[in-house]
Amino acid sequence: MDALTLEAVAVGPLREINLTVRSGEVVCLSGASGSGKSRLLRAIADLEPHAGRILLGDLRQDALAADRWRARVMLVPAESSWWGSTVAEHFLEPVPGSLEGFGLSPAVMDWDVARLSSGEKQRLGVLRALSRRPRALLLDEPTANLDTATTRRVEQWLRSHARREGVPILWVAHDPEQISRVGDRHFTIRGSGLREGGCRTG
Amino acid sequence: MQDGIIELAWWELGIAALLVVALAVTTHLGRLGLARELVIAGTRTVIQLAIIGFVLEALFAVAALRWIALMALVMLLVAGYEVMSRQKRRMTGGWAFGIGTLSMFLSSFTVTVLALVVIIGPQPWYMPQYAIPLLGMMLGNTMTGVALGLDRLTDGAWRQSQVIEGRLMLGMHWHEAVADIRRDAMRSGMIPTINAMAAAGVVSLPGMMTGQILAGAPPALAVKYQILVMFLIAVGTGFGTVVAVSAGSRRLFDQRQRLRLDRLSSA
């Protein structure tokens, strides 16, 4: 698999963002509300107009049709949206072992979307993206609605998935402990740029 | 009734007008708050129809193609304006007017010319007694379909933007991401026409047929004309709505397939 590279990306308040997430690496991103984290993820998924170059391996974002880029570089938003009536309608083939790894029973695929809890929706939102076999993942606070035990399971599964498949993951997180558990590296948004390393306030 | 229609005097219309005034007074006394609108709408009816009466008299007397074309153009632009003003969240930068007008032009004008030249065949083909009423009926119905379709499309995209973007994030093509909203929009544009066809002659006697019968035409001929007009309206409305909904949904996305709600004005 390939690295995800940002070269001089500018979107919203952010300017000159340079960042490489290597194959199999988890990079955490934090920053205050409104600092532009979500907009940066949206720009990487090409859902928001932006300046600069974004590459997956040698492949430039603008060299691919937008839908094909998004099928490779997949964004999982903090709030997932559901349109069908059952869970299965939103999935391609689930990644083997991923449901169990996320603490969900395989029967969840037959459930009504209407009866899902917020925690189930959040986990299924990530799994739904994984079922399409993306080559890079952008996760916007993927464990915000989960209890501690489930959060740990999801973290471990995603980390080992990144290693196993060589998928680069850019993970927006606030909890410093979570960042130290899952992140190989960590960046904080300060003003218009990124700063490597922690911020005590989370 | 032996030859043609019974003459209608202005004072006889006055009786009908008095009834409207009586209704206005009643709603006023009952505090139903409709009196003002009723009087204004009634006055507009009289003025607008009186003007169009003069215009048609003049047009029928001249029967020149360029004047008929001018009349058709005015009708089209008014319909385009009407389509635009009926949308809650309209496209900015003239697109609401442009898409509405273009789709009505493509469908109504094509179908009307086709019906005149190939089916009805008056001499000359643009004979205003046929061309203007036919175009009027086409535009009136296509306008409703296009306005409903575009309104449903833009409102649906606005309300369901999260779902649309959720699909885009999963790598779906924009076409697929709005497929159900397009279907809904198409449906709302076509349903009034389909209902009118289904109810014709059973629940309602369509206006054109009624008019022809009043004017002394044999009911069997009036029915044939009505069937023709119903079919033409269905085709015109259908194609007009298809064009409007397709062009409208394309306009909701940019060349990188991003949902561009900033291209809609907020209510």
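Select A:M74 and A:L137. In this predicted model, A:M74 stands opposite A:L137, which belongs to strand β7 of chain A. Now widen the selection to both strands. β6(A) and β7(A) run parallel, and 4 bridges join them.

Stay on β6(A) and show the side chains. Which way do they point? A:V73 and A:L75 point one way. A:M74 and A:V76 point the other way. All four names on this strand share one label: buried.

**Next strand: β8(A)**

Select residues 136–140 of chain A, which make up strand β7. Add strand β8, residues 169–172 of chain A. These two strands pair in the parallel sense over 4 bridges. For one facing pair, pick A:L138 and A:L170; A:L138 stands opposite A:L170 in β8(A).

Now add strand β3, residues 26–30 of chain A. β3 also pairs with β8(A) in the parallel sense, over 4 bridges. Which residue in β8(A) is the bridge partner of A:C28? Select A:W171 to see this partner.

Show the side chains of β8(A). A:I169 and A:W171 point one way. A:L170 and A:V172 point the other way. Are these residues buried or exposed? All are buried.

**A side trip from A:C28**

Keep A:C28 selected and add A:S180. The two are 152 residues apart along the chain, yet their C-alpha atoms are separated by 9.0 Å. A:S180 is found in helix α6 of chain A, residues 176–182. Is A:S180 buried or exposed? A:S180 is exposed, because its relative accessible area is 58% and exposed means over 50%.

**The open sheet of chain A**

Select β1, β2, β4 and β5 of chain A. They form an open sheet of 4 strands, with antiparallel pairing. The order is β2-β1-β4-β5. Which strands stand at the edges? They are β2 (14–21) and β5 (59–60). Each has a single partner strand, so one side of each is left without a neighbour in the sheet.

Zoom in on β1, residues 4–11, and β4, residues 51–56. The two run antiparallel and are joined by 5 bridges. Pick A:L4, then look across to A:L56, which stands opposite in β4(A).

**Charges over rings**

Select A:R115 and A:W111. The charged end of A:R115 sits over the ring of A:W111, 4.2 Å from the ring centre. Then select A:R128 and A:W82. A:R128 lies over the face of A:W82, at 4.2 Å from the ring centre.

**The cavity**

Keep A:R128 on screen, since this residue is also one of those that line the largest cavity. How many cavities of 30 Å³ or more are there? The count comes to 1. About 60 Å³ of space lies in the largest cavity.

Select the lining from both chains. From chain A take A:L75, A:V76, A:P77, A:S80, A:S81, A:G125, A:R128 and A:A129. From chain B take B:G166, B:M169 and B:L170. Colour the lining by class: 6 residues are nonpolar, 4 polar and 1 charged.

Which elements give two or more residues to this lining? They are β6 (73–76) and α4 (118–130) of chain A, together with α6 (161–169) of chain B. α4(A) gives the most, with 3 residues.

**Over to chain B**

Show chain B as a cartoon. Chain B has 10 helices and 0 strands. The C-alpha atoms of chain B fill a box of roughly 70 × 55 × 40 Å, taken along the principal axes. Of its 267 residues, 39% are buried.

Finish with the aromatic rings. A search of the whole structure finds 4 aromatic pairs over all chains. Select one of them, B:F105 and B:F109. This pair is tilted, at 4.9 Å centre to centre and 45 degrees between the planes. Both residues are in helix α4 of chain B, residues 95–120. They are 4 residues apart, so about one helical turn separates them. B:F105 counts as partly exposed, at 38% relative accessibility. B:F109 counts as buried, at 18%.

Last stop: B:W125 and B:Y126. Their rings form an edge-to-face pair, 5.6 Å centre to centre, with 85 degrees between the planes. B:W125 counts as partly exposed, at 35% relative accessibility.

Technical notes: Residues are numbered from 1 along each chain as its sequence is written. Chains are lettered from A and ligands numbered from 1 in the order in which they are written. This is a predicted model: local features need pLDDT of at least 70, side-chain atom pairs count only at pLDDT 80 or more; totals for chains, interfaces and linings use all residues. Side-chain values use heavy atoms; hydrogens and water are left out. Rings of Phe, Tyr and Trp (its six-membered ring) pair if their centres lie within 6.5 Å; planes under 30 degrees apart count as stacked, over 60 as edge-to-face and the rest as tilted. Buried means under 20% relative accessible area, exposed over 50%, partly exposed in between (1.4 Å probe, protein chains only). A charge sits over a ring if NZ of Lys or CZ of Arg is within 6 Å of the ring centre and within 35 degrees of the ring normal. On a 1 Å grid over the protein atoms alone, a cavity is a set of points where a 1.4 Å probe fits but cannot get out, and a pocket is an open set with protein on both sides within 12 Å along at least five of seven lines; lining residues have an atom within 4 Å of a point. Grid points are joined across faces, edges and corners, and a volume is the space filled by probe spheres set on the points. Ala, Val, Leu, Ile, Met, Phe, Trp, Tyr, Cys and Pro count as nonpolar, Asp, Glu, Lys and Arg as charged, and the others, Gly among them, as polar. Two strands pair if DSSP finds at least two bridges between them.
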